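Visitor: Hi! I have a few quick things to ask about how these chains fit together. Can you pull the model up for me?
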Amino acid sequence: MLNNPQINKNGELQHLLSIEGLPVEIVRHILDTAEPFVSVAEREVKKVPLLRGKAIFNLFFEPSTRTRTTFEIAAKRLSADVINLNISASSQSKGETLLDTVDNLAAMQADMFIVRHAQSGAAHLIARHVAPHIHVVNAGDGRHAHPTQGLLDVFTIRKFKKEFTNLRVAIVGDVMHSRVARSQIHALNILGVPEVRVIAPKTLLPTGVEQLGVHVYNDMTKGLKDVDVVIMLRLQNERMRGALLPSAQEYFKYYGLTAEKLAYAKPDAIVMHPGPMNRGVEIDSTVADGAQSVILPQVTYGIAVRMAVMSILVGAGS
Amino acid sequence: MLNNPQINKNGELQHLLSIEGLPVEIVRHILDTAEPFVSVAEREVKKVPLLRGKAIFNLFFEPSTRTRTTFEIAAKRLSADVINLNISASSQSKGETLLDTVDNLAAMQADMFIVRHAQSGAAHLIARHVAPHIHVVNAGDGRHAHPTQGLLDVFTIRKFKKEFTNLRVAIVGDVMHSRVARSQIHALNILGVPEVRVIAPKTLLPTGVEQLGVHVYNDMTKGLKDVDVVIMLRLQNERMRGALLPSAQEYFKYYGLTAEKLAYAKPDAIVMHPGPMNRGVEIDSTVADGAQSVILPQVTYGIAVRMAVMSILVGAGS
Amino acid sequence: MLNNPQINKNGELQHLLSIEGLPVEIVRHILDTAEPFVSVAEREVKKVPLLRGKAIFNLFFEPSTRTRTTFEIAAKRLSADVINLNISASSQSKGETLLDTVDNLAAMQADMFIVRHAQSGAAHLIARHVAPHIHVVNAGDGRHAHPTQGLLDVFTIRKFKKEFTNLRVAIVGDVMHSRVARSQIHALNILGVPEVRVIAPKTLLPTGVEQLGVHVYNDMTKGLKDVDVVIMLRLQNERMRGALLPSAQEYFKYYGLTAEKLAYAKPDAIVMHPGPMNRGVEIDSTVADGAQSVILPQVTYGIAVRMAVMSILVGAGS
């Protein structure tokens with residue numbers, strides 16, 4: 001935790017930038033805090049006044065309707081005021097630097113920035129720069145991290161599997177380009193999952209991936225053998241146009257999750273996907289819509305987890 | 001009403017997809033419910049708490065500032081949380097299917113989807129797919145229907161003419177490409193208007209239009225003769241560039257509503273237009289801004305009618 | 001004040017279109033009203049209910065994330081409902097006129113329009129057109145005026161310098177193309193600043209600029225001599241590509257504000273900039289981030305000043 005900008009001097013979560021380096025108590029605290037927020041969404045009036053009058057800026061330098069929407073809903077359920085900013089088109093094109101943009105928004109008395117940026121480290125840069133009463137949440141930076149996705153994934157696993165310490169989890173697909181996979185691996189390791197596997201063709205695995213504490217498989221039938229959780233990754237269309245993969249059909253044949261391949265996992269294994277799915281590329285529709293799929297509960301829990309992160313951050317002394 | 005997905009088993013409005021097939025009692029109930037909402041807009045604080053904490057998604061797959069804005073205002077006056085999504089640019093371009101997008105938003109605990117889509121039937125498709133506690137409003141699908149526009153039009157007519165059963169109504173212009181005209185015709189028929197006319201050049205009339213229960217005219221002076229209500233349709237610029245029409249000037253000469261042509265209608269006839277207007281193409285400014293025009297009241301009543309639809313849907317058991 | 005559409009018959013502010021022609025009492029009233037709003041932003045719950053249920057339309061015909069955001073925040077802190085409309089893409093492209101767009105939004109029971117438009121006079125046109133209960137704020141029209149920027153600038157000066165009647169203020173840069181400069185000059189004159197200077201190359205000065213009541217300098221060291229306030233203007237990139245300027249480097253050499261040039265001003269001079277800054281073009285980073293810079297307080301005060309303008313307008317009888 002040396003020089004960890006996420007944790008303040010009282011050991012509280014000051015920013016959420018990356019799951020790497022988070023103490024297990026904080027990860028558990030986020031998951032526990034999210035629990036009651038699941039039921040807020042089921043009430044007649046889906047609002048709690050925890051963040052009333054707070055100004056939360058969705059600062060998206062990269063377009064993302066889905067992630068932006070989940071943060072917007074989470075913030076509105078907490079009664080915050082939400083300002084959506086898609087920055088590609090405006091100030092940045094006028095030549096203003098990232099930190100000048102941030103300084104200006106901070107001067108508008110922002111309480112929190114939700115940041116998505118194509119450059120790894122953008123959220124860290126902003127977190128190190130802002131005044132101590134402002135909180136930063138990384139909503140995806142380059143290939144680096146997408147911590148709320150990792151957290152909602154482990155929240156979902158806990159909901160369906162109760163314990164982490166007896167699980168085998170397989171993450172399947174384009175690990176190399178995936179900030180989601182990185183955040184998942186860190187979260188699973190921190191929570192004590194004894195066996196995390198990654199399954200992918202060699203061209204989609206980063207060199208030295210084993211150092212993240214995972215077991216590497218290039219074959220689905222071996223990699224899925226007796227796992228409790230299967231996490232599919234989205235295959236970016238760009239990868240298929242590049243030299244990394246022969247074709248979508250070929251990829252589906254070897255790495256697409258079908259009922260046949262899923263049969264190698266435990267009978268009660270759950271299937272997860274961060275979305276949006278490419279049906280027929282990384283996952284077959286019978287599996288995506290099947291009884292073992294928890295893909296839509298992931299979305300629902302994602303709101304609760306983001307509400308938890310936001311309310312914990314605002315509650316942190318600074 | 002066989003297999004009508006708009007009506008639930010208790011006979012309540014579950015979705016608003018099309019005016020076609022709606023029981024007259026439901027149409028009247030919407031109009032009656034809208035009445036007090038007109039005065040909400042005239043209060044000092046223009047809000048009622050009917051939909052507090054409800055999450056309403058404006059799901060626009062086709063751009064429309066005007067319609068999206070009226071739904072946004074209606075929802076905010078009901079104290080709902082509104083999430084605007086312009087989908088063309090994001091998930092759809094990432095290859096996600098329409099129903100996956102809808103499933104994901106539903107998993108964020110949406111209460112209502114307001115859907116605009118270039119494909120006829122898109123709102124129906126979504127309504128048949130979602131869970132029973134979610135309501136769908138069609139805000140325009142292809143050339144098929146735009147039911148809230150049809151409802152606000154008959155609400156406006158009732159405001160100015162009191163009764164429907166003694167009226168002659170003329171709809172003028174590009175009936176062929178107009179979802180608005182279709183919804184208007186169904187609404188007028190359901191409410192018992194004895195004579196609905198359409199006036200248009202043959203190239204802008206769908207084949208078999210008489211089967212909708214209308215009288216067809218190709219000549220304005222004959223078609224407008226003694227009518228109580230004149231509804232002008234917007235002429236899309238695209239039509240004029242195509243082979244359907246010689247030119248905007250020519251169109252205006254024969255079908256543009258001028259004071260001279262309007263004189264053929266009853267002296268107290270009202271003039272309506274769904275907007276946005278092409279002044280000097282389908283309507284002359286002296287008429288658009290004249291004493292018989294109720295074009296701006298249509299907009300005002302449109303908010304009240306949309307508030308009525310939303311509050312009725314949310315109140316429906318499911 | 002002859003025919004001044006900003007002031008109603010009771011002498012109250014009806015619209016804010018331009019600082020030119022505003023009585024000094026109204027300017028002072030805006031500044032005084034803004035004072036307590038500065039502290040609203042420092043509270044736990046940054047909201048006051050002054051504009052609850054009011055519908056405020058951000059009507060931006062020209063893109064501007066920054067200005068739009070400050071108005072949106074100001075309106076939300078006053079508890080208003082805010083509708084953002086970027087008009088370039090929608091109705092205007094469908095051929096609707098500006099005033100038809102405004103009429104339609106007014107018919108949705110708008111209470112206030114915040115208008116930005118590339119054409120000088122657009123906000124005036126709208127103000128003269130709308131019904132008396134609707135208020136218009138000019139958020140920048142062509143090269144003409146940007147009154148809330150001028151007001152926040154004088155608010156900032158008053159915060160740091162207390163009095164206006166003993167000040168020397170220099171405005172540096174592209175005065176010719178700057179609506180900001182025009183609004184600043186009028187505000188400073190109205191408040192009785194005895195000496196307003198403009199410093200610029202001749203190619204960036206409008207002919208007859210002296211008639212605005214300013215002293216003209218082409219040399220920074222002379223123009224900055226003993227001033228209390230230095231206001232830097234943004235240099236639009238377009239200017240540098242045109243024939244008006246040799247290059248950004250050349251411009252910086254002669255007119256960029258460096259610590260060296262700033263030393264000609266009084267030791268306690270403050271440095272202002274409306275943003276977004278071009279670091280290394282019109283201002284050096286050491287100055288922008290230095291002890292004399294009040295550029296970020298300008299942003300903070302901008303929210304309070306806009307809250308003041310909005311609440312004064314809504315409070316005006318009509």
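Visitor: How many residue pairs are in polar contact across the interface of chain B and chain A?
Guide: There are 9 such pairs between chain B and chain A, with both residues at pLDDT 80 or more. That confidence filter is there since this is a predicted model.

Visitor: And which elements give two or more residues to the side of chain B that touches chain A?
Guide: Those are strand E1 (55–60), strand E2 (81–86) and helix H3 (98–107) of chain B. E2(B) has the largest share of that side, with 6 residues.

Visitor: What's the mix there by class, on the side of chain B that touches chain A?
Guide: It has 8 nonpolar, 8 polar and 8 charged residues.

Visitor: How many salt bridges are there between chain B and chain A?
Guide: The count is 3 salt bridges. In one that I can name, the side chains of Lys46(A) and Asp111(B) meet at 2.5 Å, N to O.

Visitor: How much area is buried between chain B and chain A?
Guide: About 2,200 Å², and carbon and sulfur atoms give 49% of that. In terms of residues, 24 from chain B and 25 from chain A take part in the contact.

Visitor: OK, switching to chain C. How many of its residues are in contact with chain A?
Guide: 25 residues of chain C, and they meet 23 residues of chain A. Together chain C and chain A bury about 2,200 Å², with 49% of it on carbon and sulfur atoms.

Visitor: Which three residues supply more than any other three of the area that chain C buries against chain A?
Guide: Lys46(C), Thr65(C) and Arg66(C), which supply 21% of the area on the chain C side.

Visitor: Nice. What does the side chain of Lys46(C) meet in a salt bridge?
Guide: The side chain of Asp111(A), at 2.5 Å from N to O. Across the interface of chain C and chain A the rule finds 3 salt bridges. For polar contacts, the count between chain C and chain A is 9 residue pairs, both residues at pLDDT 80 or more.

Visitor: Which elements give two or more residues to the side of chain C that touches chain A?
Guide: Helix H2 (65–77) and helix H12 (295–315) of chain C. H2(C) gives the most to that side, with 9 residues. By class, the side of chain C that touches chain A divides into 8 nonpolar, 7 polar and 10 charged residues.

Visitor: Let's talk symmetry. What rotation superposes chain B on chain A?
Guide: A rotation of 120 degrees, with 0.0 Å of shift along its axis and an RMSD of 0.0 Å. That is the relation of a three-fold axis. Chain C can be laid on chain A by a turn of 120 degrees too, with a shift of 0.0 Å along the axis and an RMSD of 0.0 Å.

Visitor: One last thing, about a single residue. Where does His177(C) lie?
Guide: In the loop of chain C between strand E5 (168–172) and helix H6 (179–190).

Visitor: Is His177(C) buried or exposed?
Guide: His177(C) counts as buried because its relative accessibility is 12%, and the cut-off for buried is under 20%.

Visitor: And what does its side chain, that of His177(C), join in a polar contact?
Guide: The side chain of Asp174(C), in a polar contact of 2.8 Å.

Terms used:
Residues are numbered from 1 along each chain as its sequence is written. Chains are lettered from A and ligands numbered from 1 in the order in which they are written. This is a predicted model: local features need pLDDT of at least 70, side-chain atom pairs count only at pLDDT 80 or more; totals for chains, interfaces and linings use all residues. Side-chain values use heavy atoms; hydrogens and water are left out. Helices (H or I, at least four residues) and strands (E, at least two) are DSSP runs, numbered from the N terminus. Buried means under 20% relative accessible area, exposed over 50%, partly exposed in between (1.4 Å probe, protein chains only). A polar contact is a pair of N or O atoms within 3.5 Å; within protein, one must be able to donate a hydrogen and the other to accept it, and residues adjacent in sequence count only if both atoms are side-chain atoms. Contact means heavy atoms within 4.5 Å. Buried area is the accessible area (1.4 Å probe) that two parts lose on being put together, summed over both. A salt bridge is a side-chain nitrogen of Lys or Arg within 4 Å of a carboxyl oxygen of Asp or Glu. Ala, Val, Leu, Ile, Met, Phe, Trp, Tyr, Cys and Pro count as nonpolar, Asp, Glu, Lys and Arg as charged, and the others, Gly among them, as polar. Copies are superposed by least squares on the C-alpha atoms of residues with pLDDT of at least 70 in both.
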